[in-house]
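Reader: I have a list of labels that I do not follow yet. Could you go through them with me, one label at a time?

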Amino acid sequence: MNVESLTPDADLDVSDPLLFEQDIWGPRFRLLRRERPVNYCHASPYGPYWSITRFEDVQEVELDHLVFSSDSSRGGIRIDNRLRDSFISRDPPRHTIERRTIAPVAAPTNLASYEIAIRERTRQVLSELPRGETFDWVDRVSAELTVTMLATLFDFPLAERRTLAFWSDALVCDYSAPNAPVTSDAAREKVLHEMAGAFSELWRERASQEPKPDLISMMAHNPAMQGMSENQYIGNLVLLLVGGYDTTRNSMSGGVLALSDNPDQHKKVAAQTSLIPSLVGEIIRYQTPIIHMCRTATRDVEFRGQKIRGNDRVVLWYVSANRDETVIADPDRFIVGRPKPHKHLSFGAGIHRCVGDRLATLQLRILWEEILAQKLVIDVAGTPERQYSNFIRGFDRLPVEIRR
Ligand code: HEM
């Protein structure tokens, strides 16, 4: 396909997971931003859909949740509408009530207590890494630290933490991905059943004990949860797991790749560690771990001169919004110390804005503080293997070597 210009009848489907697996999505989105920022694609494997590709347009759609619904009964938040029912794919009032029940995940006192556990584990994982030999950063560091954080959050048995990763992978994967852990709805349902059983058991255990500081106990003792069905509760735990796992894990890998590709930026932050928060913001923007979210129009509406009809699917492409050259200077460059390092849409906006943003930021900050404190220089030592997905922008493998 010619990605230099668009003919009037060109459809420009940007939903093919291969674009993201091969990391060749940039030119198509640049073209859409420039020539057709609100574009109707008539035919795709997921049916017709609108693409919203500019920063301010994505933000505006997100903020108008009355017209642009997240509800799964209308179409949900993924282009393929595959995600277990939970409040991310609900509109108010249910969304508002259930979101409140997991608010403790972002409470400052809880974050302060997680910080101690996260730092200790990060130090240990980093100090055990080999020097001068190639290993997979995704498996040894990103996945390990992220599942440990989630296990801490749920007070899930630490020895079984990798089961959390398997569950999340099985629930999120594209069935056509070469390494998909499940390849059918039936197989996915089986995993869900197993996971629901394990979480129900934990729930009953915590509900029968005195309140503890883990999230399951806090939810079990929260009066707002009392009217909630077991299904709703499981759905919300699944959401925390899949919301927290891939996103944070892939930011940890994306940061290592970006700094290995930009050694001048590594030197800059190593010389001035007060830039670490800015580094973290830039990693999250540049990586954009969630490629898109979807909405469904609740009624006919005119948006930027285009007529969106009720029930039309509207895809918000965060990857594109975060590279909008009219809002972010030199967006394809990785620059530590930008004037507004947190100006990005990776966490979304509006009523569904990520609940775990502070927790994710905390994890990444600690990781980079510890990497720089241990004076680790991490070189990418092979071709990164990217995930086959149009939803998660991430890595299956990232071969690296730490300099001796
Ligand atoms: C860098 C890491 C992360 C990124 C990029 C990210 C991204 C996002 C995005 C794009 C949304 C949807 C926003 C929207 O529709 O407007 C979201 C929602 C959500 N995220 Fe995150 N997330 C991250 C980490 C986490 C963590 C660590 C957790 C929890 C452990 C979490 C839990 C959630 C939940 C529960 C929602 C649903 C919020 C709602 O619908 O009200 N996320 N996240």
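Reader: Why is Arg304 called partly exposed?

Author: The relative accessible area of Arg304 is 46%. Buried means under 20%, exposed means over 50%, and partly exposed is in between, with a 1.4 Å probe and protein chains only. Arg304 at 46% therefore counts as partly exposed. The model is a predicted one, in which local features need pLDDT of at least 70, side-chain atom pairs count only at pLDDT 80 or more, and totals for chains, interfaces and linings use all residues. Residues are numbered from 1 along each chain as its sequence is written, and side-chain values use heavy atoms, with hydrogens and water left out.

Reader: Where does Arg304 lie, and what is its phi?

Author: Arg304 is in the loop between β6 (301–303) and β7 (306–308). Helices (H or I, at least four residues) and strands (E, at least two) are DSSP runs, numbered from the N terminus. Arg304 is not a glycine, yet its phi is positive, about 50°. Asp155 is not a glycine either and has a positive phi of about 50°. The loop that holds Asp155 runs between α6 (137–154) and α7 (161–172).

Reader: What makes Asp155 partly exposed?

Author: Its relative accessible area is 35%. That value lies between the two cut-offs, so Asp155 is partly exposed.

Reader: How do you know that Met219 is buried?

Author: Met219, in helix α9 (residues 215–220), has 0% relative accessibility, so it counts as buried. Leaving aside neighbours within four places in sequence, Met219 is in contact (heavy atoms within 4.5 Å) with residues including Thr101, Ile102, Trp203 and Tyr233.

Reader: What makes His292 buried, and which polar atoms lie by its side chain?

Author: His292 is buried because its relative accessible area is 0%. This residue is in strand β5 (residues 292–297). A polar atom of its side chain lies 2.9 Å from the backbone nitrogen of Ile79. The backbone oxygen of Asn390 lies 2.8 Å from a polar atom of the His292 side chain. A polar contact is a pair of N or O atoms within 3.5 Å; within protein, one must be able to donate a hydrogen and the other to accept it, and residues adjacent in sequence count only if both atoms are side-chain atoms. Both distances are within that limit, so both pairs fit the distance part of the definition.

Reader: Why is Cys354 called a donor to the iron atom of the ligand?

Author: The SG atom of Cys354 is 2.3 Å away from the iron. Donors are N, O and S atoms within 2.8 Å of the metal (3.2 Å for Na, K and Ca), and water is not among the atoms, so sites may look incomplete. At 2.3 Å, Cys354 therefore qualifies, and it is the single donor from the protein. Cys354 is in the loop between α13 and α14 (357–373).

Reader: Which residues surround the ligand, and which element supplies the largest share?

Author: There are 29 residues around the ligand, and the closest are Glu62, His95, Arg99, His352 and Cys354. A residue is near a molecule if one of its heavy atoms lies within 4 Å of it. The largest share, 7 residues, comes from α10.

Reader: What makes the contact of Glu62 with the ligand polar?

Author: An N or O atom in the side chain of Glu62 is 2.4 Å from an oxygen atom of the ligand. This pair is within 3.5 Å, so it is a polar contact.
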